[in-house]
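User: I have a two-chain model open and would like to go through it with you. Could we begin with how the copies are arranged?

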2 protein chains.
Amino acid sequence: MTSSTDGSAPLSLLAEQILGKGGIEQFTSIVEPLSSDLREVGDRIAEVLPSAYSFLTEAANYATASGGKYLRPLVILTTYRALGFQSTTKVQSLAASFQLIHTASLVHDDVIDHAALRRGRPSIHKAFGEPVAIVTGDYLFVRAFQLAADYGSAVIKKCGEASADLALGEVMQENSRFDMTVNKERYLRIIAHKTANAIAAGAESAAMVAGVDEEIVHSLADYGRSMGIAFQIKDDILDVFGDPEVTGKPLLADFREGLPTLPSILAYDLLPAKEKEEFEELFIVRNKRQAHLLRLRELCDAAGVRELVEDEAERWSQAAVSALQHIRPGPYRDLLEKIAEGAVRRRF
Amino acid sequence: MTSSTDGSAPLSLLAEQILGKGGIEQFTSIVEPLSSDLREVGDRIAEVLPSAYSFLTEAANYATASGGKYLRPLVILTTYRALGFQSTTKVQSLAASFQLIHTASLVHDDVIDHAALRRGRPSIHKAFGEPVAIVTGDYLFVRAFQLAADYGSAVIKKCGEASADLALGEVMQENSRFDMTVNKERYLRIIAHKTANAIAAGAESAAMVAGVDEEIVHSLADYGRSMGIAFQIKDDILDVFGDPEVTGKPLLADFREGLPTLPSILAYDLLPAKEKEEFEELFIVRNKRQAHLLRLRELCDAAGVRELVEDEAERWSQAAVSALQHIRPGPYRDLLEKIAEGAVRRRF
């Protein structure tokens, strides 16, 4: 529960993940306002969760309490402050809405993936059963839209597009499982829909509420999209090459579930014929043993894809930084830059 | 697909169900405008379904094509016309939104219930798999909210409350399975959340868009709620006492799934001790045989509950009719009355 009412916890979690240990300290002047903003967003969320039926409220609280690092709200709040505003009151419901949309989609993703754990706790369908998990996801989407209802119709539709994109990306991803024909272009489309577009829509909506020029609105959408893609590519790198002691997640989950990500796509592209065949044979196995998974990683190493994928992530990160060039310099713009850089340098 | 683009099909289906064969003929003057309205609503729905990924679009079309009888849109359109408007352009997106919310909840209900069929066709999770069904439900909710985004924030929040209520009702119903302590009051709360409140919210929103006095807005909400409760009680009666040749559905599904409805609640209340005990023992069996189901119905008959439940439905139907007394008389008000009366007299 703490993370939904104590916004400072997500900030330090996020800062440690993205900026590295102590990385937030260079931003002394803005830690306090942003922590306070995040607390307010947590309050907005806590305000809309209660329902006439305590069991549903409890399930909704459970889902949001493991809502994690509040990356989307932080981007929205920091964007808005980077545009020169001293108070974020006008975008707190927006930030809460995007966080709830994200949480709702995680709840349904976990049902779809039969995931047992989410951030170290039993996933909601394990704790409350699948029927309640499905309905709680719906409920969180609905509450997100009720929060968005306070904005103009363009912003509401933007929240809608972000949610539709999540659905789209999830279906595309489901249909890509064990499919060796998925290429880099298609992978980028999937992660744009599933991750990056919602972050872009958050930054874009914050700029729309701020009422800045269209050019700036577009730049901030570009920032969010590029940063989101960089972030997701890094996630996919960590899944293959990360240190499980540091990431806290089981490695090689994407191989196991047959999800084509950039490491496997490039490995399959680059391996010589014999290894390519071996890679395919192993990748499409439905119930892989540990030895299969390790051999797949070995083949990725042999193909030398790690550096290629890191480079790709770095390009997106730099694109995100470039997109900020027309934003007035200052500590909030600096933080947005550091988030984009940290997104690909992080170790978990 | 036809029902999403051909609004006249739902009208004749609905008319046959609720008004009886030929029952719509007394409304010669309004059949054409309402059919045209329903076609427009079908078009609004068809316009928002396309996505950037054809498989998702296909699944969404599949779900809406079996969208059934368009009761919710018809109530919204008829309400709006009953308030004196010659054109329903202003409420067509609203009607489309409520229809999509209803469809989305059916998609998720079918996943939850592992239902194999929906209106005679494989349910969407049978046709497209459970992951796609879950996501398609989300997608339909999202499109519904995007349609609602064109209205004022009060109307959008009303759509939100209707959706939240569906979630609430579904969780309450899930938690009521095989629970003999569910009484009439709780049953009425469940069906209010799961069925009636969304119909009430539809009628209420139409009145809000019409800009009529608050008193009229409340009356129309009352109409929708009472009619919805009457409709649902009748559904529950038909499940126990209906003629499967006429309803086209397998009977006694509520007994089988352990859902307490008014027939079983009253039977359990009224049976003498020995039969009461037998009723409970049979009702809580998880995998009932046909003989169990038939004996449960026999016990309902023995308790004489059929007439009591019909009377209860009739009271709600009459309450719905009474709620219309401050609406100007005319063919559209007449149709709303006939819908409320037909809701409890129908045979399927």
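User: What turn and what shift lay chain B on chain A?

Analyst: A turn of 180° with a shift of 0.0 Å along the axis lays chain B on chain A, at an RMSD of 0.0 Å. The two copies are thus related as by a two-fold rotation axis. The superposition is by least squares on the C-alpha atoms of residues with pLDDT of at least 70 in both copies.

User: And what sort of model is this, and how are things numbered?

Analyst: This is a predicted model, in which local features need pLDDT of at least 70, side-chain atom pairs count only at pLDDT 80 or more, and totals for chains, interfaces and linings use all residues. Residues are numbered from 1 along each chain as its sequence is written, while chains are lettered from A and ligands numbered from 1 in the order in which they are written.

User: How many residues does each chain put into the contact?

Analyst: Chain B contributes 34 residues and chain A contributes 34 residues. Two residues are in contact if their C-beta atoms, placed from the backbone, lie within 7 Å. On the side of chain B that touches chain A, the elements giving two or more residues are helix 4 (54–65), helix 6 (89–113), helix 8 (130–148) and helix 9 (153–176) of chain B. Helix 9 of chain B gives the most, with 13 residues. Helices here are DSSP runs (H or I, at least four residues), as are strands (E, at least two), numbered from the N terminus.

User: What is the chemical make-up of that side of chain B?

Analyst: The side of chain B that touches chain A has 21 nonpolar, seven polar and six charged residues. Ala, Val, Leu, Ile, Met, Phe, Trp, Tyr, Cys and Pro count as nonpolar, Asp, Glu, Lys and Arg as charged, and the others, Gly among them, as polar.

User: Why say that the copies meet through the same surface?

Analyst: Because 100% of the interface residues of chain B are also interface residues in chain A.

User: Staying with chain B, is helix 8 enclosed or open?

Analyst: Helix 8 of chain B is largely enclosed by the rest of the structure, because 18 of its 19 residues are buried. A residue is buried if 20 or more other C-beta atoms lie within 10 Å of its own, exposed if 12 or fewer, and partly exposed in between, with C-beta atoms placed from the backbone. The end C-alpha atoms of helix 8 of chain B are 27 Å apart, which agrees with the expected 27 Å. That expected span is 1.5 Å times one less than the number of residues.

User: Now chain A. What are its overall dimensions and its element count?

Analyst: Chain A has 18 helices and two strands, and its C-alpha atoms fill a box of roughly 60 × 50 × 35 Å along the principal axes. Its radius of gyration is 20 Å, which agrees with the value near 20 Å for a compact globule of 348 residues. That radius is taken over C-alpha atoms, and the globule rule is 2.2 Å times the number of residues to the power 0.38. Buried residues make up 55% of the 348 residues in chain A.

User: Which domains does chain A have, and how do they meet?

Analyst: Chain A is divided into domain 1 (1–150) and domain 2 (177–348), with bounds from an automatic or database domain assignment. Their centres, taken over C-alpha atoms, are 22 Å apart. In the contact, 24 residues of domain 1 of chain A meet 26 residues of domain 2 of chain A. Helix 5 of chain A supplies the largest share of the domain 1 side, eight residues.

User: Something odd about the backbone: what is phi at A:Leu252?

Analyst: A:Leu252 has a positive phi of about 60° although it is not a glycine. A:Leu252 lies in the loop between helix 12 (244–247) and helix 13 (253–256) of chain A. With 20 other C-beta atoms within 10 Å, A:Leu252 is buried.

User: And what about B:Leu252?

Analyst: Phi of B:Leu252 is also positive, near 60°. B:Leu252 has 19 C-beta neighbours inside 10 Å and therefore counts as partly exposed.

User: Last one: where is A:Ile265, and which residues does it touch?

Analyst: A:Ile265 is in helix 14 (residues 262–270) of chain A, and it counts as buried, with 20 C-beta neighbours inside 10 Å. Not counting residues up to four places away in sequence, A:Ile265 touches A:Val182, A:Asn183, A:Lys184, A:Tyr187 and A:Pro260. The C-alpha atoms of A:Ile265 and A:Tyr187 are separated by 8.5 Å, although the two are 78 residues apart along the chain.
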